[in-house]
Amino acid sequence: TLGPLRQELEGLRIVVGEVLGSQMQKRIEGLPGDVLEDYQALVSHGVDAQRAHHLLRSVVETLGTAGLRNREAVKELLRERMEESLAVSNSSVTRQYGQKIMMLVGPTGVGKTTTIAKLAGLARQQDEQQRTVLITLDTYRVAAVEQLRVFAKILKIPLDVAVSQQDFLACLERHQHADLILIDTAGRSPKDQAGHEELVAMTRGSFNIETHLVLAAPVAESVQMDTIRRYQALPIHKMIMTKLDETSRFGSMYNMLSQTGIPVSYLSAGQRVPEDLEI
């Protein structure tokens, strides 16, 4: 009995999609000529059609017909509108008010360990007297621990390896006089529910841990949104986008950031430590 119902619902979904698509097409066709080209450019870079239309409709309403003749004014206002829809957060790694603890989380392969090394290098570069500590929870990959160990030796800062929640809390207690604690974590599979619960438990203690979700720019928007949903229980305080040098289309990243409203703390575009990290 469910078969015909599913077919009916699918048919209804297709009809609704066609109606909405037709309405959107009429709105798009109503954009002035040059602005229509801007719309097509945004969509070609992966910006969601409705989001692109909303941005340009705002530009048209603000500048008016006469103002649209000034192409530089159109581009500048469009840039401003896009900036207004994104949240950013200057997550300084230099000494400010008390101890700062940053934990980097995210799926495998997004560059968490390299980013941790960049943050540590940036902290040393900006303030040589700052007491920085590295802690890694990524005991699944020997290479990750060794990579951090090399960076820690070069920067002359301590590295602790925590194999359990008790170890982790003991590390934080031991370094309570440090100015900056940077925590690397293992990438988690979507099916690793126990691993996610363990990570959530580690952030629920008395320590004020700032959680940064690390995502790679070339990854599909749907995968990024699914990753955000899985990590929201931590919760996610800020976002770090990596591998910007490995893509030329940033529309999906813009969609994701403007939709979630999670502030971006750092952008990474390359392997150099710490040069390829931008606040």
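**Exercise 1. Place strand S5 among its neighbours.**

Task: Which strands does S5 pair with, and in what sense?

Solution.
- Step 1. Strand S1 (residues 100–105) runs parallel to S5, and 5 bridges join the two. This model is predicted.
- Step 2. Find a residue pair that marks this pairing: Ile101 stands opposite Ile209 in S5.
- Step 3. Turn to S6. S5 and S6 also run parallel, joined by 5 bridges.
- Step 4. Mark this pairing too: Leu215 stands opposite Met241 in S6.
- Step 5. Trace the chain. S5, helix H9 (residues 221–231) and S6 form a β-α-β unit, and the unit is right-handed.

**Exercise 2. Judge how covered S5 is.**

Task: Decide whether the faces of strand S5 (residues 209–216) are covered or open.

Solution.
- Step 1. Recall the rule: side chains in a regular strand alternate between the two faces of the sheet.
- Step 2. Take one side. Ile209, Thr211, Leu213 and Leu215 are all buried.
- Step 3. Take the other side. Glu210, His212, Val214 and Ala216 are all buried as well.
- Step 4. Conclude. 8 of the 8 residues of S5 are buried, so the rest of the structure largely encloses this strand.
- Step 5. Set this beside the whole chain: 45% of its 279 residues count as buried.

**Exercise 3. Follow the chain to S7 and S8.**

Task: How many bridges join S6 to S7, and how many join S7 to S8?

Solution.
- Step 1. Strand S6 (residues 238–242) runs parallel to S7, with 3 bridges between them.
- Step 2. Pick a pair: Met239 has Val264 of S7 as its bridge partner.
- Step 3. Trace the link. From S6 the chain passes through helix H10 (residues 251–260) to S7, in a right-handed β-α-β crossover.
- Step 4. Move on to strand S8 (residues 277–278). S7 and S8 pair antiparallel, over 2 bridges.
- Step 5. Mark that pairing: Ser268 stands opposite Leu277 in S8.
- Step 6. Check the cover. In S7 (residues 264–268), 4 of the 5 residues are buried.

**Exercise 4. Describe a helix pair.**

Task: What is the geometry of the crossing of H3 and H4?

Solution.
- Step 1. Decide what to report: packed helices are described by the angle and the distance between their axes.
- Step 2. The axes of helix H3 (residues 49–67) and helix H4 (residues 71–84) come within 10 Å. They cross at roughly 150°.
- Step 3. Apply the cut-off: angles over 145 degrees count as roughly antiparallel. H3 and H4 are therefore roughly antiparallel.
- Step 4. Add the hand: the crossing of H3 and H4 is right-handed.
- Step 5. Name contact residues. H3 contributes, among them, Leu55, Val59 and Leu63, while H4 contributes residues including Val74, Leu77 and Met82.

How values were computed: Residues numbered from 1 in each chain as written. Predicted model: local features only at pLDDT ≥ 70, side-chain atom pairs only at ≥ 80, totals over all residues. Heavy atoms only, no water. Buried < 20%, exposed > 50% of the residue type's maximum accessible area, 1.4 Å probe, protein only. Pairing = 2+ DSSP bridges. Right-handed = clockwise from strand over helix to strand, strands pointing away. Axes fitted to C-alpha atoms, helices over the stretch in contact; angles between N-to-C directions. Parallel < 35°, antiparallel > 145°, perpendicular 65-115°, else oblique. Left-handed = near helix turned anticlockwise from the far one by under 90°. Contact = heavy atoms within 4.5 Å.
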